[in-house]
Amino acid sequence: MKLTKTNPNTVKLIESLTKQSSAENAPIWKAVANDLKRANRKNKEVNVYHIDKYTKDDDTILVPGKVLGEGNITRKVTVAAFKFSKEAEAKITAAGGKCLKIEELMAENPKGSNVTIIK
C-alpha cells in the first residue's frame, strides 16, 4: 500500500509501527499501520458506548482512528487511539480508565499482547 500521508507525525507513527511489528514479530502493529495508511475519509471513528459494549473491565483497546464521546462508558479500560475528542477522554478517565496515544501503548506493550483492536 503506497503511503500518501503528508502529516509528518502520522508518517513517523506508521514507520515506527511497521518497525515494531518486524522487530517484535507482532502483527498487531502492522495491522494498525495499514489502517492508518488509509485515506482520511476512511479513518475509523469509534464512540465510547461502542467501547463499553464490547469490552470488560481492565481490557486494553486500540482504536486506529479517533475516539468520540457519544454515549456512556462504565468500564475501567485502557484505550489507545490516534486521537481522542475531549469529551471521550473525559468520559474514559471519569470511569477509571486510561487514555493513551498509540506510541505510548507500543512502548508499554512492545509485543501488543492482550490488546483488542476496535474499528
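# Briefing: pocket, salt bridges and local contacts

The second largest pocket encloses about 200 Å³ of space. The structure is a predicted model. A search of the whole structure finds six salt bridges, and helix H2, residues 27–37, contains a set of buried residues that several other elements cover. The points below take these topics in turn, followed by individual residues.

**Second largest pocket**

- The lining consists of Asn7, Asn9, Thr10, Lys12, Leu13, Ser16, Phe82, Lys83, Lys101 and Glu103.
- Two elements, H1 and S3, each give two or more residues to this lining.
- H1 supplies the largest share of the lining, with five residues.
- Sorted by class, the lining holds four charged, four polar and two nonpolar residues.

**Helix H2 and its surroundings**

- The buried residues of helix H2 are Ile28, Trp29, Val32, Ala33, Asp35, Leu36 and Lys37.
- The elements that cover these buried residues include two helices, H1 (8–24) and H5 (102–108).
- Strands S2 (60–68), S3 (78–84) and S5 (115–117) are also among the elements that cover them.

**Salt bridges**

- Side chains of opposite charge can pair when their charged atoms come close.
- Lys111 and Glu24 form a salt bridge through their side chains, with an N to O distance of 3.3 Å. This pair connects distant parts of the chain, since Lys111 sits in the loop between H5 and S5 and Glu24 in helix H1, 87 residues apart.
- Glu24 has a relative accessible area of 26% and is therefore partly exposed.
- A further salt bridge joins the side chains of Asp35 and Arg38, at 3.5 Å from N to O. Its two partners differ in class: Asp35 is buried at 5% relative accessibility, whereas Arg38 is partly exposed with a relative accessible area of 29%.
- The side chains of Glu108 and Lys98 also meet in a salt bridge, at 3.8 Å from N to O. Because Glu108 belongs to helix H5 and Lys98 to strand S4 (residues 98–101), this pair ties together parts that are 10 residues apart in sequence.
- In the same pair, Glu108 counts as exposed at 51% relative accessibility, and Lys98 counts as partly exposed at 39%.
- Asp35, Arg38 and Lys119 are joined into one network by salt bridges that share partners.

**Buried polar side chains: Asp52 and Thr55**

- Asp52 is located in helix H3, residues 48–53. With 14% relative accessibility, Asp52 counts as buried, because the cut-off for that class is under 20%.
- The side chain of Asp52 reaches the backbone nitrogen of Thr74 at a distance of 2.8 Å.
- Leaving aside residues up to four places away in sequence, Asp52 touches Asn72, Ile73, Thr74 and Arg75. Thr74 thus appears both in this contact list and as the partner of the Asp52 side chain through its backbone nitrogen.
- Thr55 is placed in the loop between H3 and S2, and its relative accessible area of 4% makes it buried.
- A polar atom of the Thr55 side chain lies 2.6 Å from the backbone oxygen of Ile51.
- With residues up to four places away in sequence again left out, Thr55 touches Ile61, Arg75, Val77 and Ile118. Arg75 is listed among the contacts of Asp52 and among those of Thr55.

**Positive phi in residues other than glycine**

- Asn25, although not a glycine, has a positive phi of about 55 degrees. Asn25 lies in the loop between H1 and H2 and is exposed, with a relative accessible area of 69%.
- Asp58, another residue other than glycine, has a positive phi near 70 degrees. Asp58 is found in the loop between H3 and S2 and is exposed, with a relative accessible area of 60%.

**A separation across the model**

- Ala23 belongs to helix H1 and counts as exposed at 64% relative accessibility.
- The C-alpha atoms of Ala23 and Lys83 are separated by 25 Å, and the two residues are 60 residues apart along the chain. Lys83 is also one of the residues that line the second largest pocket.

How values were computed. Residues numbered from 1 in each chain as written. Predicted model: local features only at pLDDT ≥ 70, side-chain atom pairs only at ≥ 80, totals over all residues. Heavy atoms only, no water. Buried < 20%, exposed > 50% of the residue type's maximum accessible area, 1.4 Å probe, protein only. Helix = DSSP H or I, 4+ residues; strand = E, 2+ residues; numbered from the N terminus. Contact = heavy atoms within 4.5 Å. 1 Å grid on protein atoms, 1.4 Å probe; cavity = no way out; pocket = protein on both sides within 12 Å on 5 of 7 lines; lining within 4 Å. Points joined across faces, edges and corners; volume = space filled by probe spheres on them. Nonpolar A, V, L, I, M, F, W, Y, C, P; charged D, E, K, R; others polar. Salt bridge = Lys/Arg side-chain N within 4 Å of Asp/Glu carboxyl O. Polar contact = N/O pair within 3.5 Å; in protein donor to acceptor, adjacent residues only side chain to side chain.
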